[in-house]
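Biologist: I would like to learn how the labels on a model are earned. Please show me the structure, and then let me question the words you use.

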Amino acid sequence: MAAQTSDNLNSNWQFRVYHGVEVYQALPLNHSGLVQGVSTQSSGNMALHTGDLPEPVLKRRYSFLQALQLDLGQLVTANQVHGVKVQKVDRQLAGAGARSLQTALPDTDALITDEPGIVLAIFTADCVQVFLYDPDRPAVAVVHAGWRGTIARIVERTIERMIREYQTLPERMLAAIGPAICKKCFQVNRDLADIFNKADCLAVNKGGDRYYVDLIGFNFRLLTKAGIAPENIFLSGACTSCQHQTFFSYRAGNQTGNRMMGIISLK
């Protein structure tokens, strides 16, 4: 799978181009046994729930996955609701939500699997994407952590589920946090700032009479609290709002329905 590469803000993450398709990848989560990546604006909207016509969305998904030598028929997606449900994905669920919104897994914001070939996916446009890898089982997970999911500690819940299902050892895990809205761009009202302050006082910053929340930092701390070593957590350093010409951003993109797709799959 030949790729052209370019440097980015964080050397652990790179933009790569596979057969004309741009993919943003955490290098430690891409090797002979694992593939991970995030689509960019260049691939267009990847979500079926935003009002876009299904046919062009499916063509985009197919092209993106084909470039990574992955199968659309093995893609698994969820109806994301900013909740805390973690779904274990087995072979019988292969293809759920891949071609139809009606078959997506209901009310789910995190997916885990130890099945090779299954492609786990989430869709975001400012929310935090978290990718998890247990090299021993092996097993993988992908997490959609908006502000509600972050406060509810969906990342910790996902790791706890992997421990139960796969006997995962957090100290052996690798994690990556993809492009998401940064702490300088995520402005919130005082009531929400107070809620965050109770959940993680380090996540809230005040500038004048404005309040800002660091969702990325909050999730980083949740990962370390769960037992993952800080040196094994790879931050992209990319902000969807600051870099809204590269990534889709709900806030900076006039609240359009376009979404990026983040995927992870065991080979």
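Modeller: The questions below go through confidence, overall form, strands, loops and a helix.

Biologist: What kind of model is this, and how are its residues numbered?

Modeller: This is a predicted model: local features need pLDDT of at least 70, side-chain atom pairs count only at pLDDT 80 or more, and totals for chains, interfaces and linings use all residues. Numbering starts from 1 along each chain as its sequence is written, and side-chain values use heavy atoms, with hydrogens and water left out.

Biologist: What is the mean pLDDT of the protein chain?

Modeller: The mean is 95, where pLDDT is the predictor's confidence in each residue, from 0 to 100. In all, 96% of the residues reach 70 or more.

Biologist: Where is confidence lowest?

Modeller: In strand β1 (residues 4–6), at a mean of 38. The highest mean, 99, belongs to strand β7 (residues 110–113). Over residues 4–9 the pLDDT is below 50. Beyond near neighbours in sequence, that stretch still has 17 contacts in the model; a contact means heavy atoms within 4.5 Å.

Biologist: How many helices and strands are there?

Modeller: Five helices and 16 strands. Both are DSSP runs, numbered from the N terminus: a helix is H or I for at least four residues, a strand is E for at least two.

Biologist: Why is the protein chain called as compact as a globular protein of that length?

Modeller: Compare two values. The radius of gyration, taken over C-alpha atoms, is 17 Å. The globule rule (2.2 Å times the number of residues to the power 0.38) gives 18 Å for 267 residues. The two are close, so the chain earns the description. Its C-alpha trace spans about 50 × 40 × 40 Å along the principal axes.

Biologist: What share of the residues is buried?

Modeller: Buried residues make up 54% of the 267. Buried means under 20% relative accessible area, exposed over 50%, and partly exposed in between (1.4 Å probe, protein chains only).

Biologist: Why does glutamine 69 count as exposed?

Modeller: Its relative accessibility is 58%, and the cut-off is over 50%, so glutamine 69 is exposed. Glutamine 69 is found in the loop between α1 (54–67) and β5 (75–76).

Biologist: What makes the phi of glutamine 69 worth a remark?

Modeller: Most residues other than glycine have a negative phi. Glutamine 69 has a positive one, near 60 degrees. Glutamine 167 also has a positive phi, about 55 degrees. That residue lies in the loop between α3 (154–166) and β11 (174–177).

Biologist: Which residues does a cis peptide bond join?

Modeller: Arginine 137 and proline 138, with omega about -10 degrees. Most peptide bonds are trans. Proline 138 lies in the loop between β9 (128–134) and β10 (139–145).

Biologist: How do you know that β13 and β14 pair?

Modeller: Two strands pair if DSSP finds at least two bridges between them. Four bridges join β13 to β14 (residues 210–213), so these strands pair, and they run antiparallel. In one bridge, glycine 207 has arginine 210 as its partner.

Biologist: What makes β12 and β13 edge strands?

Modeller: Their open sheet of three strands has the order β12-β14-β13. β12 (187–188) and β13 (204–207) each pair on one side only. Two bridges join β12 to β14, and valine 188 stands opposite tyrosine 211 there.

Biologist: Why is glycine 208 called exposed?

Modeller: Its relative accessible area is 64%, over the cut-off, so the word fits. Glycine 208 lies in the loop between β13 and β14. In this hairpin, with two residues between the strands, glycine 208 takes a positive phi near 65 degrees.

Biologist: Which way do the residues of β7 point?

Modeller: Ala110 and Ile112 point one way, Leu111 and Thr113 the other, and all are buried. In a regular strand the side chains alternate between the two faces of the sheet. β7 pairs with β6 (residues 86–88) in the parallel sense over three bridges. Four bridges join β7 to β10, running antiparallel.

Biologist: Which residues of helix α5 are buried?

Modeller: Within residues 215–225, they are Leu215, Ile216, Gly217, Phe218, Asn219, Leu222 and Leu223. At the start of α5, a side-chain oxygen of aspartate 214 reaches to within 3.4 Å of the backbone nitrogen of isoleucine 216. After α5 comes glycine 227, with a positive phi near 115 degrees.

Definitions and conventions. A polar contact is a pair of N or O atoms within 3.5 Å; within protein, one must be able to donate a hydrogen and the other to accept it, and residues adjacent in sequence count only if both atoms are side-chain atoms.
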